[in-house]
Amino acid sequence: MDYKEIMAPYQDLPGGIIEAFHAIQKEQSYLTEDAIIAAAELFEIPVKDAYGVATFYSYFSVNSRGRNVIRICESAPCHIAGANEVIAALEKELGIKMGESTPDGKFALEFAECVGQCQATPVITINGKPYGDVNAEKIPAILAEYE
Amino acid sequence: MANVIIDGIQVSVPDGSTILKAAQVAGVHIPTLCYHPDQAVKANCRICVCEVEGQRLLQAACSQPVWDGMEIKTHSPRVLEARKTILELILAHHPQDCLNCIRNQNCELQDLANEYAIRDNPFEQMVRGLPQDRSTPSIVRDPDKCILCRRCIEACSVFQSVDALGLENRGCQAMVVPSLGKDLLDSPCVMCGQCIHACPVGAIAENEQIDEFLAAVNDPDKIVVTQIAPAVRAAIGEEVGLKTGAMDMNVFVAGLRQVGFDYVLHTNFTADLTILEEGNELLQRLKEGGKLPMFTSCSPGWINFCETYYPDLLDNLSTCKSPQQMFGALVKTYWAEKMGVDPSKIYSVSIMPCTAKKFEASRPEMNDSGYRDVDLVLTTREVGRLFRMAGIDFSRLAPSNFDSWMGAYTGAAVIFGATGGVMEAALRTVYEVVTGKTLEDVNFTFARGMEGIKEAEIDLDGTVVKVAIGHGLANARKLMEQVRAGESPYHFIEIMACPGGCIGGGGQPITKSNAKRAERIQAIYEEDAGLPLRKSHDNPEVKAIYADFLTEPLGDKSHELLHTHYTPKNKKFL
């Protein structure tokens with residue numbers, strides 16, 4: 001993967017490294033060491049600072065994880081609406097715990113803060129796409145949308 | 001100017017001054033932790049908070065500018081309570097093992113816990129239990145002790161432009177880590193140890209090797225020989241309750257005999273020898289069109305930096321080993337022969353102001369004597385601990401002379417300890433070699449002082465030599481970028497990795513500000529001025545080693561024992 005080519009469109013934006021990291025994660029879901037080193041070279045900052053950005057934001061991961069990142073809101077409104085049941089259903093369906101990825105590399109399970117969809121709690125997102133009013137029964141159908 | 005009232009004391013300070021600066025003018029003490037006098041304001045620890053009349057929130061004294069008419073209370077009950085809570089929160093994340101800590105009694109956090117009478121911390125202890133990083137032979141990181149002040153990061157990035165240390169994660173997960181979260185050895189770290197001086201606690205320290213020394217002293221088969229680097233004397237007094245520079249050289253020698261050294265010799269001897277070798281190397285390069293500018297090679301942090309960041313310029317480095325390694329190669333060959341001792345029994349210990357020297361001694365190629373040239377490196381701080389352990393009272397110790405053959409030195413060697421010293425020492429010798437005249441005034445004052453980059457044109461009877469001096473690796477980087485771009489006007493460049501030169505080395509007594517470095521530099525030049533011999537080529541033992549052993553500078557024997565080569569580090573990430 002040519003990291004610099006993916007990141008180049010963001011080179012001149014203020015704080016463009018953040019957009020650049022999102023662009024890479026769109027391709028491979030997490031930031032490899034080589035991607036961070038390439039970003040440091042492109043944005044002309046020390047590697048330790050590129051690494052600082054990559055680890056500062058919770059939407060970036062420097063560890064390998066599943067292609068499709070499922071995030072479950074753990075804020076109060078979703079919690080009250082039954083986020084725990086959704087978590088239990090996801091863990092059961094995928095056979096992994098929160099923070100883990102499936103062995104086939106298809107899914108990763110993560111917590112998130114509020115995603116601003118409190119009209120339809122509990123909420124999950126997959127690769128940034130929100131799903132509202134989720135319950136255990138809906139989970140298999142939602143997951144089936146993803147390769 | 002702004003008129004402010006601090007704890008009822010009226011002072012007038014320039015506009016834009018911080019509360020902390022105004023308090024210093026008023027003679028009022030405000031505690032600090034993340035604040036460092038030579039660094040940017042960080043304001044992340046909040047220990048310096050004060051109450052400002054009319055303000056709802058407490059203000060951080062290190063960052064809050066004063067205004068005309070500001071009234072400040074620095075120790076109201078509200079302030080004291082806030083500071084105590086801040087300390088308790090920091091301490092809840094900090095291991096409670098001060099007794100085992102290398103910074104015990106030399107720790108800013110411990111001092112504050114004492115000043116604020118911290119007794120029963122209401123917050124639960126939550127220490128992360130992270131492993132220590134012992135990947136380098138020079139520096140040990142103990143991340144559990146880190147209080148996230150970020151002073152080390154700034155020392156590494158801004159003073160040194162090494163960029164080995166950064167932040168990882170955020171909030172209560174945040175940590176200071178080497179680049180990419182790796183071990184220090186895999187990062188661009190050059191082991192200069194400036195992060196140690198910056199650290200207010202024991203999160204970064206030297207790799208302490210006192211036990212290895214004591215084991216050698218205990219071994220009846222070992223002849224324990226030491227060399228003392230030029231910068232050590234100026235600072236060692238600080239470790240034993242004396243003023244900077246107040247330790248007498250010969251009393252220091254007596255102290256070293258007390259702690260078990262069989263022979264006390266001097267790195268100053270090989271510093272003088274370096275001048276003969278390096279001075280002639282420069283003249284040879286000038287005459288024969290060799291690679292210029294030539295860079296000095298005494299500072300192992302600088303060598304690491306050059307091998308890491310400027311591998312394309314390694315041919316510009318002088319091939320001279322550092323004085324420590326010249327000494328190491330000679331003590332087990334020349335000195336052993338002179339003394340009639342078996343070199344395999346010699347245990348060669350160097351006392352250095354430097355953490356990178358520990359790494360340098362461990363370089364695989366440093367065995368030209370047929371043995372490990374330097375067996376152990378102790379920093380000034382470790383020797384200070386040995387002295388305190390032995391309970392030595394320096395006021396009652398009779399002075400003692402250095403032992404022979406590698407113990408004599410001149411003022412030119414003494415000044416190696418300060419930025420510009422190698423340059424000045426080299427010029428004292430090169431001038432006389434080139435012109436054949438006696439140099440009447442040996443003081444090249446342009447080379448002295450804390451200015452980041454110093455330069456001059458020296459007229460050697462018609463031959464003009466352009467020279468530059470840089471200390472602190474951020475300054476080295478500026479000079480190197482010029483060289484890389486083909487725009488360097490210089491013939492000879494002295495680089496010392498540490499700000500102020502070796503007197504500010506990573507192994508010196510903890511230095512909380514550059515002002516202390518300037519004091520030590522003062523002590524170095526006073527010592528030089530008081531010596532009868534001040535030119536390296538006048539050193540009688542240097543004359544003897546050329547007559548009896550080396551024959552001539554840059555000769556075969558010199559090349560075998562005193563010169564070296566450099567290797568690109570090929571670090572993957574910088």
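**Figure 1. The loop of chain B that holds Lys222(B), in a predicted model.** Lys222(B) sits in the loop that runs between α6 (210–218) and β10 (223–228) of chain B. With 16 C-beta neighbours inside 10 Å, Lys222(B) counts as partly exposed, because that class lies between the limit of 12 or fewer for exposed residues and 20 or more for buried ones. Neighbours within four places in sequence left aside, Lys222(B) is in contact with Ala216(B), Lys345(B) and Tyr347(B). Val52(B) is 170 residues from Lys222(B) in sequence, and the C-alpha atoms of the two are 65 Å apart in space.

**Figure 2. Strands β13 and β14 of chain B and the helix between them.** Strand β13 (residues 346–352) of chain B runs parallel to β14(B), and four bridges join the two. Met352(B) is the residue that stands opposite Thr379(B) in β14(B). From β13(B) the chain passes through helix α12 (residues 356–362) of chain B before it reaches β14(B), a β-α-β crossover that is right-handed. In strand β14 (residues 376–379) of chain B, Leu376(B) and Leu378(B) point one way, while Val377(B) and Thr379(B) point the other way. Such alternation of side chains between the two faces of the sheet is found in a regular strand. Leu376(B), Val377(B), Leu378(B) and Thr379(B) are all buried.

**Figure 3. An open sheet of four strands in chain B.** The strands follow the order β12-β17-β16-β15 (chain B), and their pairing is mixed. At the edges stand β12 (294–295) and β15 (453–460) of chain B; each has a single partner strand, so one side of each is left without a neighbour in the sheet. Within the sheet, strand β16 (residues 463–471) of chain B is joined to strand β17 (residues 492–496) of chain B by five bridges, and these strands run parallel. Ile469(B) stands opposite Glu494(B) in β17(B). Helix α15 (residues 421–435) of chain B packs on the sheet and touches β15, β16 and β17 of chain B. The direction of α15(B) makes about 10° with that of β15(B). Helix α16 (residues 473–484) of chain B also lies across β15, β16 and β17 of chain B, running at about 140° to β16(B).

**Figure 4. Two loop residues of chain B with positive phi.** Ala117(B) lies in the loop between α3 (108–115) and β6 (139–141) of chain B. Its phi is near 50°, a positive value in a residue other than glycine. Ala117(B) is exposed, with 9 other C-beta atoms within 10 Å. Asp461(B) lies in the loop between β15 and β16 of chain B, and its phi, near 55°, is positive in a residue other than glycine. Asp461(B) is exposed, with 10 other C-beta atoms within 10 Å.

**Figure 5. Cis peptide bonds at Pro122(A) and Pro293(B).** In chain A, a cis peptide bond joins Thr121(A) and Pro122(A), with omega about -10°. Pro122(A) belongs to the loop between β2 (107–112) and β3 (124–126) of chain A. In chain B, the peptide bond from Leu292(B) to Pro293(B) is cis, and omega is near -10°. Pro293(B) is found in the loop between α9 (267–288) and β12 of chain B.

**Figure 6. The contact between chain A and chain B.** Eleven residues of chain A are in contact with twelve residues of chain B. On the side of chain A that touches chain B, the elements giving two or more residues are α3 (33–43) and α4 (47–56) of chain A. With seven residues, α4(A) gives the most to this side. By class, the residues of this side of chain A divide into six nonpolar, two polar and three charged.

**Figure 7. Domain 1 and domain 2 of chain B.** The domain assignment divides chain B into domain 1 (2–91), domain 2 (128–206) and domain 3 (211–561). The centres of domain 1 and domain 2 of chain B, taken over C-alpha atoms, are separated by 28 Å. Their contact takes nine residues from domain 1 of chain B and eight residues from domain 2 of chain B. The side of domain 1 of chain B that touches domain 2 of chain B has five nonpolar, three polar and one charged residues.

Technical notes
Residues are numbered from 1 along each chain as its sequence is written. Chains are lettered from A and ligands numbered from 1 in the order in which they are written. This is a predicted model: local features need pLDDT of at least 70, side-chain atom pairs count only at pLDDT 80 or more; totals for chains, interfaces and linings use all residues. Two strands pair if DSSP finds at least two bridges between them. A crossover is right-handed if, with the strands pointing away from the viewer, the path from the first strand over the helix to the second runs clockwise. Two residues are in contact if their C-beta atoms, placed from the backbone, lie within 7 Å. Ala, Val, Leu, Ile, Met, Phe, Trp, Tyr, Cys and Pro count as nonpolar, Asp, Glu, Lys and Arg as charged, and the others, Gly among them, as polar. Domain bounds come from an automatic or database domain assignment. Axes are lines fitted to C-alpha atoms, for helices over the stretch in contact, and angles run from 0 to 180 degrees between N-to-C directions.
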